[in-house]
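Please work through the exercises below with the sequence and the structure at hand. Each task is followed by a solution in steps.

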Amino acid sequence: MTPSSVPVFILCGGLGTRIKEETEFRPKPMVPVGDKPIIWHIMRTYSHFGFKKFVLCMGYKSEVIRNYFLNFYSMNSDATVHLVDNSVTYHQINHDCDWEVTLAYTGEKTMTGARIAMAFDRYIGDAGTFAVTYGDGVTDVDLAAELAFHQAHGKTGTVLGVNPPSRFGEFRMDEDRLLAFAEKPEITHAWINGGFFFFNRGFRDYLSHDPALVLEQAPLSKLAADGGLHVYKHPGFWQCMDTQRDREHLTALWEQGKAPWAYSDDK
């Protein structure tokens, strides 16, 4: 199995209510970080490690995502428009995204578990393993290494474990004397769901088309209780875009050329 044979299901259907100022007119995966929507950054990370097949599980304002990818070629190419017959001649292609993108509408208010089940039943094909992630988080994890870890342990699922960033600064003290002040340090003793999963196709048995089915509740809880879920620990960079402050932070990293999730050809 190689990354190019593993389809990546990206959850793109949520309302994004915690960043409402950005999602009133577009779905959260289309909120820009720099000059590109965050979903492009996520897909770019996967493609760096050889993943090329993406299934976008769409819902809220799916037409924005649909229009972006249906027009991706023309919007990233030099072209001549022949007005007499409205034909178009394409010249230089200004991107190197060798991706196969399936646009799968999975309902306006469907929850995450049901979205995956619906898209799985239509588009899994003969793949024995598939990836799942959210449309709002970036990381510098080696996704090919996580896939190899998943294959090696032989269980049904793997979830990326990351250290949560603190919301507040931290005092480091000797009794009442301040030794150091850490501005929002990583909490290195705790691990949380980083949202980059790999599953064998047998995980479908834990899912259903019930629109209320939440991936992070019954499916993953039961899989863990059955001993079928392993954690791939990543102490490096991870950041989700929950708020406007998160978006501004990610954009600043990108525009300053300091984005840990970017690679040399993107910076």
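The exercises that follow concern a predicted model.

**Exercise 1. The chain as a whole**

Task: State how many helices and strands the chain has, and what share of its residues is buried.

Solution.
- Step 1. The secondary structure consists of 8 helices and 15 strands.
- Step 2. The chain has 267 residues, and 48% of them count as buried.
- Step 3. The exposed surface of the chain is about 13,400 Å², of which carbon and sulfur atoms supply 52%.
- Step 4. Among contacts with a separation of 6 or more, 72% join residues 24 or more positions apart.

**Exercise 2. Surroundings of Ile 10**

Task: Determine whether Ile 10 is buried or exposed, and list the residues with which Ile 10 is in contact, leaving aside neighbours within four places in sequence.

Solution.
- Step 1. Ile 10 belongs to strand S1, residues 8-12.
- Step 2. The relative accessible area of Ile 10 is 0%; since buried means under 20%, Ile 10 is buried.
- Step 3. With neighbours within four places left aside, the contacts of Ile 10 are Ile 39, Met 43, Phe 54, Val 55, Leu 56, Cys 57, Thr 133, Tyr 134 and Gly 135.
- Step 4. The C-alpha atom of Ile 10 is 8.7 Å from that of Ile 116, although 106 residues separate the two along the chain.

**Exercise 3. The S5–S6 hairpin**

Task: Describe in which sense strands S5 and S6 pair, and identify the residue in the turn that has a positive phi.

Solution.
- Step 1. S5 spans residues 77-82 and S6 spans residues 87-93; the two strands pair in the antiparallel sense over 5 bridges.
- Step 2. Within this pairing, Ser 77 stands opposite Ile 93 of S6.
- Step 3. The two strands form a hairpin with 4 residues between them, and Asn 86 in the turn has a positive phi of about 65°.

**Exercise 4. Aromatic pairs**

Task: Classify the pairs Tyr 46–Phe 54 and Tyr 73–Tyr 90, and give the burial class of each ring residue.

Solution.
- Step 1. A pair of aromatic rings is described by the distance of the centres and the angle of the planes.
- Step 2. The count of aromatic pairs comes to 21.
- Step 3. One of these pairs is Tyr 46 with Phe 54, at 6.3 Å centre to centre and 80° between the planes, which is edge-to-face. Both Tyr 46 and Phe 54 are buried.
- Step 4. Tyr 73 and Tyr 90 also form an edge-to-face pair, with 4.9 Å centre to centre and 80° between the planes. This pair links Tyr 73 in helix H4 (residues 72-75) to Tyr 90 in strand S6, 17 residues apart.
- Step 5. Tyr 73 has 39% relative accessibility and therefore counts as partly exposed. Tyr 90, at 35%, counts as partly exposed.
- Step 6. One aromatic cluster is formed by Phe 9, Phe 120, Phe 130, Tyr 134, Phe 197, Phe 199, Phe 203 and Tyr 206.
- Step 7. A ring may also lie beneath a charge: the charged end of Lys 36 sits over the ring of Trp 40, 5.2 Å from its centre.

**Exercise 5. The buried side of H7**

Task: Explain why the buried residues of helix H7 are on the same side of H7, and name the strands against which they pack.

Solution.
- Step 1. In H7 (residues 218-225), the buried residues are Pro 219, Leu 220 and Leu 223.
- Step 2. These residues cover an arc of only 90° around the axis and are therefore on the same side of H7.
- Step 3. The buried residues of H7 pack against strands S10 (157-162), S13 (192-200) and S14 (229-234).
- Step 4. Gly 227, just after H7, takes a positive phi of about 80°.

Definitions and conventions. Residues numbered from 1 in each chain as written. Predicted model: local features only at pLDDT ≥ 70, side-chain atom pairs only at ≥ 80, totals over all residues. Heavy atoms only, no water. Pairing = 2+ DSSP bridges. Phe/Tyr/Trp six-rings, centres within 6.5 Å; stacked < 30°, edge-to-face > 60°. Buried < 20%, exposed > 50% of the residue type's maximum accessible area, 1.4 Å probe, protein only. Lys NZ or Arg CZ within 6 Å of the ring centre and 35° of its normal. Contact = heavy atoms within 4.5 Å. Areas by Shrake-Rupley, 256 points an atom, 1.4 Å probe, with all protein chains shown as cover. Arc of directions from axis to C-beta.
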